[in-house]
Amino acid sequence: MHEAQIVRLNRIEGQIRGITKMIQDGRYCVDILTQIRSASSALAKVQENIFKGHLESCVRDSLTGDDPRDREDKINEILDILSKFR
């Protein structure tokens, strides 16, 4: 389900190695900061995609299922996730 995210994470891993090299090479701070922002944005996109997938599969199944306890648990889980992301 998250195979596409593996590709993104591998790309981000390469970006992080590049940032490390930029620091080791004494590159211009603004260039380093730009690359850090780019990697952070890419990681945020992976997070968004995984959360979206969770909503579209696990959460949807729980909310349309017959178990009221499972629905309640999923709602609480989502509320907890949202509070952590703020």
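How many salt bridges does the count come to? Keep that in mind while we look around; the structure is a predicted model, and the count comes to 7 salt bridges. Let's pick out one of them. In E13 and R17, the side chains meet in a salt bridge, at 3.4 Å from N to O. Both residues sit in helix α1, 4 residues apart, which means that about one helical turn separates E13 from R17.

Now let's see how the helices sit against each other. Two packed helices are described by the angle between their axes and by the distance between those axes. Start with helix α1, residues 3-24, and helix α2, residues 29-64: they pack at an angle of about 165°, and their axes are 10 Å apart. Angles over 145 degrees count as roughly antiparallel, so α1 is roughly antiparallel to α2. The crossing where α1 passes α2 is left-handed.

Who does the touching here? On the α1 side, the residues include L9, I12, I16, I19 and I23, and on the α2 side they include I32, I36, A39, L43, V46 and I50. Q5 and R8 of α1 belong to this meeting too, as does N49 of α2. Zoom in on N49, which is found in helix α2. If you leave aside its neighbours within four places in sequence, N49 is in contact with Q5 and R8.

Next, follow α2 to its other partner, α3. The axes of α2 and α3 come within 9 Å and cross at roughly 165°. That makes α2 roughly antiparallel to α3. As for handedness, α2 passes α3 in a left-handed crossing. From α2, the residues making the contact include F51, L55, C58, V59 and L63, while α3 brings, among others, R71, I75, I78, L82 and F85.

Finally, take a look at the surface. Which residues form a nonpolar patch there? They are L63, I75, L79 and L82, and together they have about 340 Å² of accessible area. Helix α3, residues 68-85, supplies the largest share of this patch, with 3 residues. L63, I75 and L82 may look familiar, since they also turned up in the contact between α2 and α3.

One member of the patch, L79, is found in helix α3. Try locating L79 and N49 together in the structure: they are 30 residues apart in sequence, and 18 Å apart in space, going from C-alpha to C-alpha.

Note on methods:
Residues numbered from 1 in each chain as written. Predicted model: local features only at pLDDT ≥ 70, side-chain atom pairs only at ≥ 80, totals over all residues. Heavy atoms only, no water. Patch = residues over 30% accessible without salt bridge, like charges linked within 9 Å, V, L, I, M, F, W, Y side chains within 5 Å. Areas by Shrake-Rupley, 256 points an atom, 1.4 Å probe, with all protein chains shown as cover. Salt bridge = Lys/Arg side-chain N within 4 Å of Asp/Glu carboxyl O. Helix = DSSP H or I, 4+ residues; strand = E, 2+ residues; numbered from the N terminus. Axes fitted to C-alpha atoms, helices over the stretch in contact; angles between N-to-C directions. Parallel < 35°, antiparallel > 145°, perpendicular 65-115°, else oblique. Left-handed = near helix turned anticlockwise from the far one by under 90°. Contact = heavy atoms within 4.5 Å.
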